[in-house]
Amino acid sequence: MSAPLLEVRGLVKQFGGGGGLFVRGGPGVRAVDGVDLTVGRGEIVGLVGESGSGKTTLGRTILRLTEPDEGSIVFDGIDVRALGGRDLRRLRRRMQIVFQDPGAALNPRMRVKSLVGEPLVIHAETWGEARGRALEERVASLLDEVGLERDAMHRWPHEFSGGQKQRIGIARALALRPEFLVCDEPVSALDVSVQAQIVNLLVDLQRRHGMAYLFIAHDLALVGHLSDRIAVMYLGRIVEEGPAAALAARPLHPYTQALFASSPPPDPEIARRIRMPIPAEIPSPAELPSGCRFHPRCPIATDRCRTEPPALREVTARHRAACHRSEELLAGATLFPRDASSSPTSGPGPAGRSTRGPDPASP
Amino acid sequence: MFAAMRGVLLSVEDLGVEFPRNGGAVRAASEVSFAVATGETVALVGESGCGKSATALALFRLVPPPGRVVSGRVVFEGTDLLPLRDEEIRRFRGAGLAWVPQEPGAALNPVLTIGSQIVDVIRAHRDVPRREAWAEAVDLLRRVGIPDPERRAREYPHQFSGGMKQRALIAMALSAHPKLLVADEPTTAVDPTLRLGILDLLRALRDERGLSILLITHDMGAVAAIADRVLVMYAGRIVEEAGVQALFDHPRHPYTRGLLASVPRIDIGRGDLPSIPGSVPDLAHLPPGCAFHPRCPLAELECRSAVPRLAADPTGRRVACVVAQREGAAP
């Protein structure tokens, strides 16, 4: 196997800490806390996690839109952390990002031609003359690639719908023919009927240009639909990572199982029986639980889990999980059966309990 | 059909809502008619600009001016709310119909404790001593699944996570003992595990209290999980109405079919997702005829000129599509 396109080792990004005039001194929050991740050439890696998991920070830190505190980022053999100024800018044309909110990501005072053409102008040293007719032709062909008419270039962002704005954002990201794209929740702000169009466009562009994606989303079904590999993040760490099909067929971390149990297929017969698999409250990243960070929400946590943090290790071929009890899950334990009336097939914990807990004695 | 069995709590007839724009008027809701029975959960489904929020606001007579209700009746337990005087409608807001807003952050007062905000709502509706109202507030917080409610009631909104704020708002909505809860996108922008928690809570309230729920959402998973009946809105009109199972098994309007088909599923591999072409129309520039026709794979000549009637079949299903009506009730 050739070297991966992107290799991240021990990446840490910390916010706050150290104290200040209004901030109490302390350890701060490690939003990304020792992440290892690789992305191969032309590969789509899906990154899922709930809010506060650090998935967006991870994506931005890889691009150095946010400066990492520790760890290494190697892109095509280049040490990304060692780069400065001009060299970093040169690398940026190979690594681009598509943002969640296309409205906020586009400067409202720039016409589409400038928005899409701006990267070409900035990187004129590599792309040659980017003015006048030549620039216009390049912008037109980029707009065509994302399914927009040529004359869109003379209009303003506010004249477009959300889906069209996201197409403009994608055209801008594509302008420099990047090899790697971070897609940060690219469809979650869009109307449902438009989401599928944008997902199809991104998959189509990836096939046509052989780009690699880090596709960040909270929607497991979406990530499962388009990814080659899936990484699941929880409170700053990757807790499971593996080939998409294997991970979907047999999640090896209780958290991933809970996420799957929370994303039922759109079928009332199944959906109506589904109950909340684990307590909904995510601990504050500022007060991390001891041992395994997931243990307070885990239905099969043991004493060991409360004290000893599990390492992310290979449980079966190319499929890694950070759980002391992954072997039991690999052997077929299902923690959250679809039918709420039956009990889980394994685990001493209170799996399958109802956590809503309102007492019926209220007025 | 549920309405006939259990008694109609709310009935909306021919509701029209308009907003003036650029000298003209934009119809946010047109000829909207539906009913909610006691104990029933009805989902009002649609995308941005479909008119679902305008419809919901009209139920409370809270359409923000210069927007206004231009036609119709909103009958709650036999009383039409639209012609009532302000002081009269206050008796219905909260105690009859209660609103759970979408943005928990914006809906809570940042300088008052959660408990005292609930106490204020309780005392606005019923003449109970403060101490008693406080006990009731704590009890409500416990009911909606907030741990350690005695302590939490004395905390401020910023000390609550997003999910807990959402629960606190549901507790607040329940404090006046409403019969109908109107929940505006309660699962939007909410993490998957929490999303199920909120749906669990709504289900429990329905089962234990016989509460009616009008769920305004574009989350088809949430609809599948708790709705009894579904109304699909597009460009200001109801285009389909059906029981939840029937709608998911055999959607009839091409828009509903497209919506359901485009939801990504993990059990179906990569490959193009079925998608609806184009985008949601601007209400100020609606296409003539059926507003969906420019995006519709089945559109015929007639669809470009005549607005299709929302016609009921013998089973009580309604669909506003001439092609679907011709296909008949059989799927």
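**Chains A and B: folds, core and contact**

I begin at a single backbone position: in chain B, helix α2(B) is followed by R61(B), which has a positive phi, near 55°. Helices here are DSSP runs of H or I with at least four residues, strands are runs of E with at least two, and both are numbered from the N terminus. Residue numbers start from 1 along each chain as its sequence is written, and chains are lettered from A and ligands numbered from 1 in the order of writing. The model is predicted, so local features need pLDDT of at least 70 and side-chain atom pairs count only at pLDDT 80 or more, whereas totals for chains, interfaces and linings use all residues.

Let me stay with the helix that precedes R61(B). Helix α2 of chain B spans residues 52–59, and 8 of its 8 residues are buried, so this helix is largely enclosed by the rest of the structure. Among them are K52(B), S53(B) and T55(B), as well as L57(B) and L59(B). A residue counts as buried if 20 or more other C-beta atoms lie within 10 Å of its own, as exposed if 12 or fewer do, and as partly exposed in between; the C-beta atoms are placed from the backbone.

Now to chain B as a whole. Its secondary structure comes to 13 helices and 12 strands. The radius of gyration, taken over C-alpha atoms, is compared with a globule rule of 2.2 Å times the number of residues to the power 0.38. For 331 residues a compact globule would have a value near 20 Å, and chain B, at 21 Å, agrees. Along the principal axes, the C-alpha atoms of chain B fill a box of roughly 65 × 50 × 45 Å. Buried residues account for 49% of the 331 residues in chain B.

What is the strand order of the open sheet in chain B? The 8 strands run β6-β7-β8-β3-β9-β10-β12-β11, with mixed pairing. Two strands are taken to pair if DSSP finds at least two bridges between them. The edge strands, β6 (97–100) and β11 (311–312) of chain B, each pair on one side only.

Within this sheet I single out β3(B), residues 41–45, where 5 of 5 residues are buried. T41(B), A43(B) and V45(B) point one way from β3(B), while V42(B) and L44(B) point the other way. In a regular strand the side chains alternate between the two faces of the sheet. β3(B) pairs in the parallel sense with β8(B), residues 212–217, over 5 bridges, and V45(B) stands opposite T217(B) there. β3(B) also pairs in the parallel sense with β9(B), residues 229–234, over 4 bridges, where V45(B) faces V232(B). By contrast, β10(B), residues 237–243, and β12(B), residues 318–319, pair in the antiparallel sense over 2 bridges, with E241(B) opposite R318(B).

I turn to the nonpolar core, defined as a set of buried Ala, Val, Leu, Ile, Met, Phe, Trp, Tyr and Cys residues joined through C-beta atoms within 7 Å. The largest such core has 201 residues, and those with the most contacts inside it are F215(A), V182(B), L214(B), L215(B) and V230(B). Helix α8 of chain B, residues 162–174, gives the most to this core, with 8 residues. Domain 1 (2–96 + 178–327) and domain 2 (105–177) of chain B both contribute residues, so the core lies between them. These bounds come from an automatic or database domain assignment.

Contact means that the C-beta atoms of two residues, placed from the backbone, lie within 7 Å. Apart from its neighbours within four places in sequence, L214(B) is in contact with V36(B), V42(B), L44(B), A56(B), L180(B) and V182(B).

The C-alpha centres of the two domains of chain B lie 29 Å apart. In chain B, 10 residues of domain 1 are in contact with 12 residues of domain 2.

Finally, chain A has 14 helices and 12 strands, and 47% of its 363 residues are buried. How many residues does the contact between the chains take from each? It takes 50 residues from chain A and 47 residues from chain B. α8(A) gives the most to the side of chain A that touches chain B, with 9 residues. That side divides into 25 nonpolar, 16 polar and 9 charged residues, where Ala, Val, Leu, Ile, Met, Phe, Trp, Tyr, Cys and Pro count as nonpolar, Asp, Glu, Lys and Arg as charged, and the others, Gly among them, as polar.
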